[in-house]
Structure formats: structure tokens, C-alpha cells
Amino acid sequence: MNHAQSQPEWNGDELRRAIKSAGVALWTWIVDDDTFVMDAKAYELWDIAVETDLTFEHLSAKVHPADRDRVRAAFVATRAIDGPFEIDFRILTDTSDVRWISARGEGNEGDAATKKMTGIFLDVTGRKQAEEGNELLAGEMSHRVKNLLALASGLTNITSRTAATKEEMVQQLTERLAALGRAHELVRPLPQGQGSAALLGDLITVLLAPYNDVGAFAGRIRVAVPRMGLGEKAATNLALAIHELATNSLKYGALSDDAGLLDVSGSLVEDCVEIIWNEQGGIRNERPASAEGYGSKLLHRTISGQLGGSISHDWVDGGVVVTLRLKESRLSA
């Protein structure tokens, strides 16, 4: 059987419908005079008026500044490259939105006399945003795993200082690690219909329970905040922020010191909830040389971006005071 003869042939109308349904935009670059010809879909994709007389330089001005040199070099290189080429880059629309475009074509395959090169544009913004989201999630998960390992080590040290026997240490450490597991569950989003978020005070208390000592050091953590309910999204993001503050405290602050104290208080200030995280004592009570680590960026992004609030640090004599100001309306979401 001749498979080549059995393949269907598509007519022009069918090909045009297929191109339209795929969201493909067509372009031709006439190299000699730098003219760039595009179909209506490409003009829409690039957010340019159809009547505009285009050159490659004119079009490249719409490319994101960080990608512009790379895009120009790639298109120029097509004059000397045989075979297909593909490049993804960002453009800026008139509304200042960033859009990702994939340009694909055949290098050095144009008309020898007119030096035309033809290819397609595809809008790949959704794919790029998904990739960026996956990278961010992977970074956050990696950071959380590292934090959990550091917390487990810190909790072991705390328990070894207060337990009188190895049996008592095993019991206390097991209880603390179980509490840490319950606290970690609070930083995961709750699927719809699977429970409701906690009260503000309950959430903070559960998150800090693994770090509270027993015996002579009992009661080193105090929580006194307004009684108010939290929405599921707000609870997840606030739990992540508290978890990050507790991690830093266990590494460097009040929770790293036998005599360290942590006081978490709160009050309503106009349309905001103000939470004061006050630490006294620690192995490092001065401002760190660098506060731009991943954890710090994650903390600031969570407070400002997800909760619409602000965070400030005041390194005082013998400790640190962290002030969180959160929109009350965001906490109910």
C-alpha cells in the first residue's frame, strides 16, 4: 500500500481555517529594505495598528528591553542559518502588559531574488506564566524543606536542654515534631469544602506551639491578639509568614536562646490589624548584614502582595520588634 498517496490534501480554505483556529499569526521579512509584513492576527498580537508601515526595527522597538538585543541577533542570524529556528521573547503592549511571543520560521529558505523570509508568531503567554509559576513553586517548596530540616534540628537542641532523661527527650521531641507537622499543614491551601480556617489567635498559637519550652522554660511565648476569624486564603498566607518569622527566631533570635522571650500582640488600627512580634534575647540580636535571602523575599512578598500589608523590622537593644500591618478586609478573604 502506498501511504504517500493515501494522505489527504488540504485546500487553501482548509489551511486558513486551521491557522485561524490555532491562533497562528503570519509574517514575512523582506531583508533588503527591512520591510516587515504581517497578517491581521499578527497586528493584533503585537498590539499595533494595521495601517502602520512596518520595518523590522520598528517592530523590535516593541520587544521588552531585556530581550531586544537577543531577538535582533536571532533574526539577523537567520540569513546565514539553514533549517528551522525558534525564539521566545516578551513584548510590551500599549497597556504596559507583558506578552510572550514565540517566533518560528525557516532560516535562509526565502526567495533568492527578493530575499524574503517567512514564519509564524504564536502567543505563548499562558505557557510562560505557567512555567514561571512552577519555578516559583519549586523554589518555595525547596525553601520550606530546608526550613523544616533546620527546624527539626533546632527543636532537637531545645529538647536536649530541657529533658532530664533520654526517654523524656524522645517523648518531648516526638510531641514537638508532631506539633510542627500540624503547623506545617496550616501553610497548605485548603481545598474547597474541606474545613474552615482558624481564628487569628488559634492559628498563631498552633504555629508557635512546637517552640514553647516545658518545665523551667515554660511560657516563654505569649500570644494576645484580637479575636477574629480568617478566610482560608488569608490563613494560608499568614501562616506562611508566621512560620518564616519563627524559623528566623529559632536560627538567630529569641527562640535560639534558653532565656529568650517572644511576645506576639495585636490590635485594630483603623482598617488594619497590627501584629507586633517582639523578641528579647538571641544569639544574634543585631541587624543582619544581608536581609535579601529567599526567606526574606518570600516573607515580604507574602505580606505585601498576598495580604496587602506591610512589614518592618526594628532591631532594638537585646532583640528585634517586627511590625505587621494587615488590611482587615484581606484577612477575611
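How many cavities of 30 Å³ or more does a search of the whole structure find? The search finds one. The structure is a predicted model, in which local features need pLDDT of at least 70 and side-chain atom pairs count only at pLDDT 80 or more, while totals for chains, interfaces and linings use all residues. Residues are numbered from 1 along each chain as its sequence is written, and side-chain values use heavy atoms, with hydrogens and water left out.

The cavity search ran on a 1 Å grid over the protein atoms alone; a cavity is a set of points where a 1.4 Å probe fits but cannot get out. Grid points are joined across faces, edges and corners, and a volume is the space filled by probe spheres set on the points. The largest cavity has a volume of about 50 Å³. Lining residues, those with an atom within 4 Å of a point, are F36, W46, F56, L59, S60, V63, V71, F75, F89 and F121. Helices and strands are DSSP runs numbered from the N terminus (helices H or I, at least four residues; strands E, at least two). Helices α4 and α5 (65–77) each supply at least two lining residues. The largest share, three residues, comes from α4. By class, the lining has nine nonpolar, one polar and no charged residues. Here Ala, Val, Leu, Ile, Met, Phe, Trp, Tyr, Cys and Pro count as nonpolar, Asp, Glu, Lys and Arg as charged, and the others, Gly among them, as polar.

Aromatic contacts were also searched over the whole structure, giving seven pairs. Rings of Phe, Tyr and Trp (its six-membered ring) pair if their centres lie within 6.5 Å; planes under 30 degrees apart count as stacked, over 60 as edge-to-face and the rest as tilted. The ring centres of F36 and F56 are 6.1 Å apart and the planes meet at 40°, so this pair is tilted. The pair links distant parts of the chain, 20 residues apart: F36 is in strand β2 (residues 35–38) and F56 is in helix α4 (residues 56–60). Relative accessible area sets the burial classes: buried is under 20%, exposed over 50%, and partly exposed in between (1.4 Å probe, protein chains only). F36 is buried at 2% relative accessibility. F56 is buried too, at 5%. Ring pairs join W27, W29, F36, W46, F56, F89 and F121 into a cluster. F36, W46, F56, F89 and F121 also appear in the cavity lining.

A charge contact involves W100. K128 lies over the face of this ring, at 4.8 Å from the ring centre. The criterion requires NZ of Lys or CZ of Arg within 6 Å of the ring centre and within 35 degrees of the ring normal.

Helix α9 spans residues 232–252. Its 21 residues reach 30 Å from first C-alpha to last, close to the 30 Å expected at 1.5 Å a residue. The expected span is 1.5 Å times one less than the number of residues. Of these 21 residues, 16 are buried, so α9 is largely enclosed by the rest of the structure. A235 lies in this helix and is buried, with a relative accessible area of 6%. The C-alpha atoms of A235 and L199 are separated by 8.7 Å, with the two positions 36 residues apart along the chain counted as their separation. G231 sits in the loop between β6 (221–224) and α9. G231 is buried at 11%. Its C-alpha is 9.9 Å from that of S329, 98 residues apart along the chain.

V320 belongs to strand β10 (residues 319–327). At 12% relative accessibility, V320 is buried. V320 and S249 are 71 residues apart in sequence, with a C-alpha to C-alpha distance of 9.7 Å.

Two non-glycine residues with positive phi remain to be described. D47 has a phi of about 60°. D47 is placed in the loop between α3 (40–46) and α4, and is partly exposed at 27%. E270 has a phi near 55°. E270 is in the loop between β7 (261–269) and β8 (272–280), and is exposed at 75%.

Conventions: 1 Å grid on protein atoms, 1.4 Å probe; cavity = no way out; pocket = protein on both sides within 12 Å on 5 of 7 lines; lining within 4 Å.
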